[in-house]
Amino acid sequence: MIKNIKFIITLIGFCLLTCLSAKGAEQNTMGKIIDYHLDILKENPDEIESLRKVCMYYLNQGNFDKAIEYANHLMEVGIAQNDEMHATLYADICLGQAWLMKDSVSSYKAYNHLKSAEATGLLHQADSALCSVYNGLGLYAVNVQKDYPGSIQYFFKGLEAAKRSNYTRLQGILLCNIAGIYRLQKDTRGLIYTQECYNLGHQIQDPYL
C-alpha cells in the first residue's frame, strides 16, 4: 500500500509540471525561446513578460531553485509596478508550485502563495491562471494534508477553469490527477476520467496524455 501511495503521489507531482514531456525539436525550440528572454533580461531585468516565461520554464524543467529566484524577482517587480494580473499572480503560482515540489518542510510557503494566487485569479476572473492554481492546491491537499476528497474538489475546480479558458492540455493533466486520487482510494470511478484523458490525448494528438 505504501508503495502504491508513493507511486500515485509521484505521478500527481509529475503531472503538475506540464512541459516535462517535451523532447527533441520541441525542447530545442523552447530552449531558443528562453535564451531570447534571458537576453532581454540582461538588458532589462524588470521586463515582466520575460520574467514570467523564464520562471515558468525553470519550474517546468524541475529547476526549482532557478524558478524561485526568477519568481521572487517577478514578485518584486509586480509589487513595485502594482501589476497583479501579469506579475504577482504568476509569481505566486510559480513560487507555490516550486516550493511544494522542492521542500515539503516549506509547504506553508507553497500554500500561502497558492492561496494568494487563487484570490488574485478570482478577483480578475483569470481562468487560465486559476486552472494551474487549483492543480497546485490539489497537489498540496493530497501530499501535505492527506485530504483526498479535498484534492479532488480542487482538481475539479481546475478542470472547469481549464475548460473555460480552452486550456486543453491542462484539462487532460487534471483528468489524470483526478483518476490518480480515485486510484489511491481504490475507487473504480476513476476509470471514467482515465478514459476521458486517453480520448483527449488522441483528439489533440498528445502522446503524453
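Helices here are DSSP runs of H or I with at least four residues, numbered from the N terminus. By that naming, F156 lies in helix α8. That residue is a handy way into this structure, which is a predicted model.

**Starting from F156**

Leaving aside residues up to four places away in sequence, F156 touches I178, Y182 and Y193. The C-alpha atoms of F156 and N177 are 9.7 Å apart in space, with the two positions 21 residues apart in sequence. How open is F156 itself? Its relative accessibility is 25%, and F156 therefore counts as partly exposed.

**The α9 helix**

Helix α9 covers residues 168–184, which makes 17 residues. From first C-alpha to last, α9 reaches 25 Å, close to the 24 Å expected at 1.5 Å a residue. Is α9 enclosed or open? The rest of the structure largely encloses α9, because 13 of its 17 residues are buried. Just after α9 comes K186, with a positive phi of about 55 degrees.

**Aromatic pairs**

Across the whole structure, a search turns up six aromatic pairs. One of them is Y111 with Y140: the ring centres are 4.9 Å apart and the planes sit at 35 degrees, so this pair is tilted. It links distant parts of the chain, with Y111 in helix α6 and Y140 in helix α7 (residues 127–143), 29 residues apart. As for exposure, Y111 is partly exposed, with a relative accessible area of 27%, while Y140 is buried, with a relative accessible area of 10%.

Now back to F156, which has a ring partner in Y193. Their centres are 5.5 Å apart and their planes are at 75 degrees, so the pair is edge-to-face. F156 belongs to helix α8 (residues 148–164) and Y193 to helix α10 (residues 190–203), so the pair ties together parts 37 residues apart in sequence. At 18% relative accessibility, Y193 counts as buried, because the cut-off for buried is under 20%.

Elsewhere, ring pairs link Y57, Y58 and Y70 into a cluster.

**Salt bridges**

Side chains of opposite charge can pair when their charged atoms come close. How many salt bridges does a search of the whole structure find? The count is nine. Three of the bridges are set out here.

| Salt bridge | Closest N to O |
|---|---|
| D39 and K42 | 3.7 Å |
| K115 and E118 | 2.7 Å |
| R189 and D187 | 2.6 Å |

Take D39 and K42: both lie in helix α2 (residues 24–43), three residues apart, about one turn of the helix. D39 is partly exposed, with a relative accessible area of 43%, and K42 is exposed, at 66%.

K115 and E118 are set up in a like way within helix α6 (residues 107–124): being three residues apart, they are separated by about one helical turn. K115 counts as partly exposed at 28% relative accessibility, whereas E118 is buried, with a relative accessible area of 9%. In the bridge between R189 and D187, D187 counts as partly exposed, at 21% relative accessibility.

Salt bridges that share partners also join E49, R52 and K53 into one network.

**Charges over rings**

R52 turns up again here. Its charged end sits over the ring of Y90, 4.0 Å from the ring centre. Over which ring does the charged end of K109 sit? The ring is that of W99, with the charged end of K109 4.1 Å from its centre.

**How far to trust the model**

The protein chain averages a pLDDT of 87, and 84% of the residues score at least 70. Where does pLDDT stay under 50? One stretch is residues 1–14, for which the model has 18 contacts beyond four places in sequence. Another is residues 16–25, for which the model has 23 such contacts.

Notes: Residues are numbered from 1 along each chain as its sequence is written. This is a predicted model: local features need pLDDT of at least 70, side-chain atom pairs count only at pLDDT 80 or more; totals for chains, interfaces and linings use all residues. Side-chain values use heavy atoms; hydrogens and water are left out. Helices (H or I, at least four residues) and strands (E, at least two) are DSSP runs, numbered from the N terminus. The expected span of a helix is 1.5 Å times one less than its number of residues. Buried means under 20% relative accessible area, exposed over 50%, partly exposed in between (1.4 Å probe, protein chains only). A salt bridge is a side-chain nitrogen of Lys or Arg within 4 Å of a carboxyl oxygen of Asp or Glu. Rings of Phe, Tyr and Trp (its six-membered ring) pair if their centres lie within 6.5 Å; planes under 30 degrees apart count as stacked, over 60 as edge-to-face and the rest as tilted. A charge sits over a ring if NZ of Lys or CZ of Arg is within 6 Å of the ring centre and within 35 degrees of the ring normal. pLDDT is the predictor's confidence in each residue, from 0 to 100. Contact means heavy atoms within 4.5 Å.
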